[in-house]
Amino acid sequence: MSEWLTAIFISPFLDMASGPIFFAEVVISGLLAGVMYSMVALGFVLIFKASGVFNFSQGVMVLFAALTLVGLMERGVPLWLALLLTVAVMITLAYAIERVMLRQLVNQDPFTLLMATIGLNFFLEGTGELLWGSNVKKLDVGIPEDSLEVAGMLLNKFDLIAAVIAAVLVTVLAVLSQKTKIGRALRAVADDHQAATAVGIPLTTIWVTVWAVSGIVALVAGIMWGAKSGVQFSLSLIALKALPVLILGGLTSIPGAIVGGLIIGVGEKVAEVYWGPVLGGAIENWFAYVLAMVFLMFRPHGLFGEEIIERV
Amino acid sequence: MIYRETGQFKTSYRSDQSIFPIVQDRWAIYLMVAVAYLIIPFAANEYWLQAILIPFLIFTMAALGLNLLTGYAGQLSLGTGGFMAVGAYAAYKLTTMFPAVPMPLVFLAAGLVTAVVGIVFGLPSLRIKGLYLAVATLAAQFFLIWLFNRVGWFYNYNPSGTITAPPRTFLGIMVTGPEATAPVRYLVCLTFVAVFALLAKNMVRSEIGRTWMAIRDMDIAAEIIGIRPLTTKLSAFAISSFYCGVSGALFLFLYLGSIETQAFDITVSFEVLFMVIIGGMGSILGSFIGAGFISLMPILLTNAPHWIGLEMPVDLAKELEAIIFGGLIIFFLIVEPHGLARLWQIGKEKLRRWPFPY
Amino acid sequence: MRRQNIKVLMNVWVAVGLFMALAVTPVLAQDEQFIPLLVYRTGPYAPNGIPTANGYIDYLKLLQARDGGINGVPVKWEECETKYNTKIGVECYEKLKKGAAVINPYSTGITYQLLPKAPVDQVPIHSMGYGRTAAADGRIFKWAFNFPTTYWSQASAFVKYVGEQEGGMDKLKDKKIALVYHNSPYGKEPIPTLTILAEKFGYDLKLLAVDHPGQEQKATWLQVRRYRPDWIFLWGWGVMNQVAIKEAASINFPMDHFIGVWWSGSESDVVPAGEGAKGYKAGNFHGVGSGFGVHAEILKHVYNGDETAAEGNNFGEVLYNRGLINAVYDTEAIRTAMGKYGNGVMSGEQVRWGLEHLDLTEARLKALGLEGYAQPLKVTCEDHEGNGPVFIQQWDGQKWSKVSDWISPMREVVRPQIENAAAEYAKENNITPRDCASEG
């Protein structure tokens, strides 16, 4: 028993101290992995913020976007054109979703909207597979994938570039949201739907915009993850990994998605490498949720989430 | 015209408070129960029993449990799969440790174990609300599955890591194991579901149901009028987990016969949640309808081309099935956002007035 | 608007009700040998399911086209899509089990499901190289067969290969072997065998579990980097394979010391890693490539010489060849049964006898165009595994090729394990072991 207690409470820290460079490598890998999770979480946040819908189909949208891109490239379309076409497809998809689904379900309660996105999930799954097939497809967008040695740590170039891309994406989104007219409109809608319509902001246009932007974010996430594992069905399961990030950061906060991702990424990796062996391995998944839960106990709306004020 | 209640007067509080006050309803239920018990076991072939009716009943039970927690008490839970796993493993351990105990008792005991686990994982609900509560139950889901994979005691140190339902008899008839015939297993499932659905219906109409609904609708106001959030929320978790645990035990012993932890992973949790939402949250009938829709519609859609003589490659059929299934969900939600049970209620209302428009 | 919707809905439900009233059984002619096929052409494992199904079906098509069936009895098959999901697999089985000659569950979950049902429904199960390894003990698992070889045998063969590569089994003493495995019963299969062998030969074994689905494995490979093993065994499935191979390449691990199980060694597993996957090895138990006699026959009779069409159907790929040999075993078993019971449609019980008395000699393999593709195999009442040998194949960036000889598993280690596991199962489920000597 005492052996087990030592293994849980003391050895991992001794381990970390005795190999500081490796520990740094674990932390940095965790940060990079976390950034990848954040990219998926961003899509959820955007949609939830502006339309109050928890988009269950975000994972499948990542897959669908990646499939479309790869499918087009396989048919000989050059990369830049394929990217443009895929963006166009995602925008059309957003328009169709708004028209067919969201417009009919205005003002319904969140569970109904969630279920509608679940229906969308199945629909996109079947459509993606039908159009582009079920084989694993290699996604090569020209990003180097080898590793480089930095101060005794082995860091993967691809992960570093993904982190940079994510940073650029968040900056662009932040700038768009703060400085442009449509960004202001988005923030207004997120704050209060009715007040926004009262000042003349067209809800339907905002929703199409938000779903389209979320679709583009899904495309970027799809490219990053798809390059790592090949574009295949399992890509849609990444959304599950993004859930604790979302919850920890707060469902309505873009910076929350990033910070949450970093925390979860580091937490997961450190736990798995240092506590994993004692507990038999593969503790990453539940540890992420437990970590999120612990944070939530202190801040029930996530780190940066909007605090819901309840009145009787 | 058929469904009118004119002439049906109640002369006692007791009859006024019955679950089915309209005589036609009551006879319809009696008829359905009679058909379910007396006709189906003999008329249905093994495919129908094994692949359609038994899973439908088992998922109805799980959906009932989740509906009590999410629909009536308003606590979102995504740990249904994990709780079902607890029920299945608990039943397995109990029956392998005490082979002489009759199976129904084993199932109930498994449910009790799950109720305790449910209470433990329901504790965060006292601090976290709404969509964020899903994280606690998700932690439960992933942790429990990991636990059952990792700790050998749960699967009796079997090198394969799976658990197989040992053959057991009850009242002289083989109820579990490969020798148990499909009609017998179906009847056991049906009995459990019927009894527990009745219990659930009565629970939601009584004080405990009302405290749940009060917490769901406005928990601060409920607390002000004296409803204790601690006991209410935890009782919701406990009872809901009991139902999920029993359904998990039934899943192992009466349906699949042999499971690995993958059988209870997160997709099951999502599936049961879908059943609850599309069936109608806060509705017992909704649990039945939702379970029927989510578990049977895919089978219907897969086999439909074959029945109408349209031969198509199986992968195309499966993809179309996903597309149609998704489309149907969206369609039903647009038609009736409160779920299929509400549709049924509206239908009943129309029937009461038929053939008059109002 | 509401009224119209409700009306539409009522019509839909009525139609649904009518459909539901119909029974679901395949109509089959009494004079055809029926083989149901549980396939997964969609879903997360479709990249592996599609070639396997194609290989199996192409061999059946060959028999139909060239020979008119098995000894003149036409063969009929029907696919049922399981998406690799156990519940759907059960539904498919129940739908197609009537008159089925043999069932290949092609999923560990579905196999475990069907093991207790097989004796009751009288349908033999052939879980070739997967499923429950203990089924190799035919005295307890009368209706389940997993020849030509099993996971435990493969694990022992891997250790033998590593020993060989290191210059002798005694050189294993201070080597470090890491097992990266899928955190499921499938992934845990080799652990008991590898642990026993670690004690026997003195190598250090590190177990690294990867949680399903294995899309993100950074933590695992960081641990590999720290541990610096000499050899890594991969026991993965689906996306876990692709990511593992890519991660291994990115930490610059020497790929020729990285060996995957036979479900981690197909063309789709090495696709995303691209150049980095060069040198990756995997286990296999059947021919590699499309240069065998049987392939020429299939090209001629099934594709009429159209190579592009054949390649579109994964002709010659690793998993295609696996499906093919599976079909060969099953049809030869049916043929063996016909040898005893006469040329006609064989029942499940008869096919079971055929499977148990299957004796594929070198000569017969040659006649089938399978020389070098598979090893001679003899199944007996006690041994449903056939103790089949395994070899190692390697990816060179373009294709897989055989790079080792056929390696016999360490039967003296594996067989006692199998018998123990089977005995435990028998005890738990009240099964009396058969007496093979007294049976025919």
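The legends below accompany three close-up views of a predicted model.

**View 1. Two parallel strands of chain C and the helix that joins them in a β-α-β unit.** Strand 1 of chain C, covering residues 33–39, runs parallel to strand 2 of chain C, covering residues 75–81, and seven bridges join the two. Within this pairing, F34(C) is the residue that stands opposite K76(C) of strand 2. Together with helix 2 of chain C, which spans residues 46–67, strand 1 and strand 2 of chain C make up a β-α-β unit that is right-handed.

**View 2. The surroundings of S295(B) in helix 12 of chain B.** Helix 12 of chain B, made of residues 284–307, contains S295(B), and this serine counts as buried because 21 other C-beta atoms lie within 10 Å, where 20 or more are required. Leaving aside residues up to four places away in sequence, S295(B) touches P55(B), F56(B) and F59(B). L53(B) is 242 residues from S295(B) in sequence, yet the C-alpha atoms of these two residues are 9.7 Å apart in space.

**View 3. The side of chain B that touches chain A.** Here 35 residues of chain B are in contact with 42 residues of chain A. On the chain B side, the elements that each give two or more residues are helix 6 (134–150), helix 9 (219–224), helix 11 (266–279) and helix 13 (314–335), and of these helix 13 gives the most, with 11 residues. Sorted by class, this side of chain B has 29 nonpolar residues, two polar residues and four charged residues.

Key
Residues are numbered from 1 along each chain as its sequence is written. Chains are lettered from A and ligands numbered from 1 in the order in which they are written. This is a predicted model: local features need pLDDT of at least 70, side-chain atom pairs count only at pLDDT 80 or more; totals for chains, interfaces and linings use all residues. Two strands pair if DSSP finds at least two bridges between them. Helices (H or I, at least four residues) and strands (E, at least two) are DSSP runs, numbered from the N terminus. A crossover is right-handed if, with the strands pointing away from the viewer, the path from the first strand over the helix to the second runs clockwise. A residue is buried if 20 or more other C-beta atoms lie within 10 Å of its own, exposed if 12 or fewer, and partly exposed in between; C-beta atoms are placed from the backbone. Two residues are in contact if their C-beta atoms, placed from the backbone, lie within 7 Å. Ala, Val, Leu, Ile, Met, Phe, Trp, Tyr, Cys and Pro count as nonpolar, Asp, Glu, Lys and Arg as charged, and the others, Gly among them, as polar.
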